[in-house]
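Dear colleague,

Please find below the structure that I am handing over to you, together with its sequence. I would be grateful if you could read the notes after it with the model open.

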Amino acid sequence: MSKRLVAMGDSFTEGVGDDDPRYPNGVRGWADRVAEQLAAAEPGLRYANLAVRGRLLRPILAEQLEPGLALRPDLVTLYAGGNDLMRPKVDIDGLMADYETAVARIVRTGATVVLFTGVDGVEDALFRKMRGRVAVYNEHVRLIAARHGARLVDMWAMRQLRDRRLWSPDRLHLNAAGHTEVAIAVLDALRVPHALTAAELGPKPLVPPARRRADNLRWAREFALPWLGRRLRGESSGDTVSAKRPELAPVAGG
């Protein structure tokens, strides 16, 4: 059973989209849920979350890898690269070579490593255009996991994540129900019994075309244009954000 969990990555691992003022940075997320379930079975568990929203793959590795390993974790989760795939140009092969080097470095410490594929955005007009990039990224992740004995959470295969009801209004981040789905998948990959249950969403509601167009326009105005503006100004949503749990600490309730 794990005693020291360190989570590394970007907004996905920080927990953005799952707003909860009781948690550091005002967000909860799948990693906190996993830590809470692990702590229920292993009261001595300590948990650090170094993830910062908006980070690209190489800054994640540069800023989080060595501090994370200095905590001597026996369980590490790592997700990086999603923000790179959204850039106009990206060298996926080059990025994933650096990613594999980092995974190998973690594995050599003896820690169990959990990796993630990207979500299939086929049902969203914006992310459908990125589908090819995500598929190439995912094949790299699968091969890296196989070569280094990492546990894999295959979010591409999690068809439930195609449902927009599992996403926050910005359509970029999972909401509480979506983060719970990922937490369940991580715990299942670790073969750890848990008390989490998936949301019962029922059939998808039929949305009239006019309502869909209005929703898309509102989303573009409230989320897409500000995001594009930050990109043009060279800003990141994480510029003023610090890691939510930079040091190992007990988990509440654990």
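The notes below concern a helix pair and the backbone at two loop residues.

Please bear in mind that this is a predicted model.

The helix pair consists of α3 (57-70) and α5 (residues 92-108). Their axes come within 11 Å and cross at roughly 5 degrees. Angles under 35 degrees count as roughly parallel, and α3 and α5 are therefore roughly parallel to each other.

As to the residues involved, α3 contributes Leu57, Arg58, Leu61, Leu65, Glu66 and Leu69 to the contact. On the α5 side, these meet Gly94, Leu95, Met96, Asp98, Tyr99, Ala102, Arg105 and Ile106. By character, the residues of this contact comprise 9 nonpolar, 1 polar and 4 charged.

Turning to the backbone, two residues deserve a look in your viewer.

- Asn25 is not a glycine, yet has a positive phi of about 65 degrees. Asn25 sits in the loop that runs between α1 (11-14) and α2 (30-41). With a relative accessible area of 36%, Asn25 is partly exposed.
- Arg72, likewise not a glycine, has a positive phi of about 55 degrees. The loop between α3 (57-70) and β3 (75-78) holds Arg72. Its relative accessible area is 56%; a residue counts as exposed over 50%, so Arg72 is exposed.

The element α3 thus appears in both parts of these notes: α3 contacts α5, and α3 precedes the loop with Arg72.

With kind regards

How values were computed: Residues numbered from 1 in each chain as written. Predicted model: local features only at pLDDT ≥ 70, side-chain atom pairs only at ≥ 80, totals over all residues. Heavy atoms only, no water. Helix = DSSP H or I, 4+ residues; strand = E, 2+ residues; numbered from the N terminus. Buried < 20%, exposed > 50% of the residue type's maximum accessible area, 1.4 Å probe, protein only. Axes fitted to C-alpha atoms, helices over the stretch in contact; angles between N-to-C directions. Parallel < 35°, antiparallel > 145°, perpendicular 65-115°, else oblique. Contact = heavy atoms within 4.5 Å. Nonpolar A, V, L, I, M, F, W, Y, C, P; charged D, E, K, R; others polar.
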